[in-house]
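Visitor: Could you take me closely through the sheet in this model, strand by strand, and explain how its parts are joined?

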Amino acid sequence: TLEELSPGERTRLLIPNFQIKQQDASRVHVLTWTKSEWLDALDVSLAPTAAGGTKASVSFYATGFLPTSIPGAPLINTALFFFPFASPGGRGGFLQNFRIDELQAKVLQRLK
């Protein structure tokens with residue numbers, strides 16, 4: 001949970017801006033910018049189940065190696081598509097896991 005994070009980890013997780021780019025009965029696509037202007041994307045695919053419920057599949061990923069605050073970053077990130085990277089967080093976890101929890105609450109609030 002976010003309460004378990006150090007103040008430094010919380011600062012790195014801050015998502016001051018996000019845009020819901022698509023929302024319909026089958027998909028939600030959200031772009032998020034962190035405090036350091038890293039651009040991440042959240043995709044939620046929704047599908048009906050045989051039992052009459054809905055199955056949600058979630059993916060959260062960084063969109064590039066460099067933050068968008070660097071001039072030309074989208075072009076450079078395109079050229080660096082082959083370079084593997086991740087957003088390691090504290091205690092062996094990944095920042096994405098913490099961001100998903102925080103972003104979920106914000107997106108649900110905006111969708112209401």
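Guide: Two strands are taken to pair if DSSP finds at least two bridges between them, and that is the sense in which pairing is used here for what is a predicted model. Strand β1, residues 17-23, runs antiparallel to strand β2, residues 27-33, and 6 bridges join the two. Within this pair, asparagine 17 of β1 has tryptophan 33 in β2 as its bridge partner, while a hairpin leads from β1 to β2 through 3 residues.

Further along the chain, strand β3, residues 39-48, and strand β4, residues 54-62, are likewise antiparallel, with 9 bridges joining them. Two residue pairs can be picked out in this ladder: proline 48 stands opposite threonine 54 in β4, and alanine 47 finds its bridge partner in lysine 55, also in β4. The hairpin of β3 and β4 has 5 residues between the strands, and in this hairpin glycine 52 adopts a positive phi near 95 degrees.

Taken as a whole, the 4 strands form an open sheet in the order β1-β2-β3-β4, with antiparallel pairing. Because β1 and β4 stand at the edges and each has a single partner strand, one side of each is left without a neighbour in the sheet. From one strand to the next, the twist averages 15 degrees. When following the side chains by eye, it helps to recall that in a regular strand they alternate between the two faces of the sheet.

Notes: Residues numbered from 1 in each chain as written. Predicted model: local features only at pLDDT ≥ 70, side-chain atom pairs only at ≥ 80, totals over all residues. Heavy atoms only, no water. Axes fitted to C-alpha atoms, helices over the stretch in contact; angles between N-to-C directions.
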